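User: Hi! I've just opened this one and could use a quick tour before I get to the bench. Can you walk me through it?

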Amino acid sequence: MTEARRCAACGELFAPRPQTPDQRYCSALQCQRQRKYRWHKERLQSDPDYRQNQIQAQVGWASHNPDYWREYRNRHIDYTNRNRELQRIRNRKRSRVANMDASNAAAPFPSGLYRLLPVGDGEIAKMAECTVHLTFLALA
């Protein structure tokens with residue numbers, strides 16, 4: 001008989017299955033969920049193929065459920081309002097907040113060669129926007 005071990009999730013003693021000599025988690029539902037969660041988290045960090053597959057699965061799900069978040073917000077109004085208020089508070093603590101409509105003016109720069117250097121840290125930006133320092137190098 002195999003000696004008892006402590007579960008890596010709950011810390012309780014359990015008897016590992018003979019078919020699984022390296023078993024670290026007991027059979028309790030919460031402990032098995034913890035095991036799967038830790039495996040998933042580790043796999044996302046260490047396996048680029050797994051990470052890409054997860055992204056593709058999420059994009060596919062979202063394309064088949066386009067109204068999910070709108071319906072969720074409509075069903076959970078208190079949660080939605082609280083989240084919006086907390087986001088306003090977080091935004092006020094930041095130096096600047098940008099979104100894809102931050103500047104709708106015509107491009108003020110002539111065609112040419114520029115060097116873009118990222119500046120700032122901890123700002124909120126959407127749609128892959130970032131704050132940069134432009135250095136003019138030459139006309140096109």
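User: What helices and strands does the protein chain have?
Analyst: Happy to help! The protein chain has four helices and four strands. Keep in mind as we go that this is a predicted model.

User: And in what order do the elements run from the N terminus?
Analyst: The order is β-β-α-α-α-α-β-β, so going by the definition of the elements, the strands are numbered β1 to β4 and the helices α1 to α4 along the chain.

User: How much of the chain counts as buried?
Analyst: Of its 140 residues, 9% count as buried. The accessible surface of the chain comes to about 12,200 Å², and carbon and sulfur atoms account for 52% of that surface.

User: What about contacts between residues far apart in sequence?
Analyst: Take the contacts with a separation of 6 or more: 28% of them join residues 24 or more positions apart.

User: OK, the inside next. Which residues make up the largest nonpolar core?
Analyst: That core has five residues, namely Cys7, Phe14, Tyr25, Cys26 and Cys31.

User: Cys7 caught my eye. What does it touch?
Analyst: Leaving out residues up to four places away in sequence, Cys7 touches Glu12, Arg24 and its core partners Phe14, Tyr25, Cys26 and Cys31.

User: Switching to Thr80. Where is it, and is it buried or exposed?
Analyst: Thr80 lies in helix α4. Thr80 counts as buried because its relative accessibility is 7%, and the cut-off for buried is under 20%.

User: What does the Thr80 side chain reach?
Analyst: The backbone oxygen of Arg73, at 3.4 Å.

User: Now the outside. Which residues form a nonpolar patch on the surface?
Analyst: Phe109, Leu116, Val132 and Leu134 do, and together they have about 340 Å² of accessible area.

User: Where does Leu134 sit, and why does it count as partly exposed?
Analyst: Leu134 is in strand β4, which covers residues 132-139. Leu134 counts as partly exposed because its relative accessibility is 32%, and that class lies between the 20% and 50% cut-offs.

User: Last one: where's Pro110?
Analyst: Pro110 is in the loop between α4 (77-93) and β3 (112-118). Pro110 is also partly exposed, with a relative accessible area of 48%.

User: How far is Pro110 from Phe136?
Analyst: Their C-alpha atoms are separated by 9.8 Å, with the two residues 26 apart along the chain.

User: Great, thanks!

Conventions:
Residues numbered from 1 in each chain as written. Predicted model: local features only at pLDDT ≥ 70, side-chain atom pairs only at ≥ 80, totals over all residues. Heavy atoms only, no water. Helix = DSSP H or I, 4+ residues; strand = E, 2+ residues; numbered from the N terminus. Buried < 20%, exposed > 50% of the residue type's maximum accessible area, 1.4 Å probe, protein only. Contact = heavy atoms within 4.5 Å. Areas by Shrake-Rupley, 256 points an atom, 1.4 Å probe, with all protein chains shown as cover. Patch = residues over 30% accessible without salt bridge, like charges linked within 9 Å, V, L, I, M, F, W, Y side chains within 5 Å. Salt bridge = Lys/Arg side-chain N within 4 Å of Asp/Glu carboxyl O. Polar contact = N/O pair within 3.5 Å; in protein donor to acceptor, adjacent residues only side chain to side chain. Core = buried A, V, L, I, M, F, W, Y, C linked by side-chain atoms within 4.5 Å.
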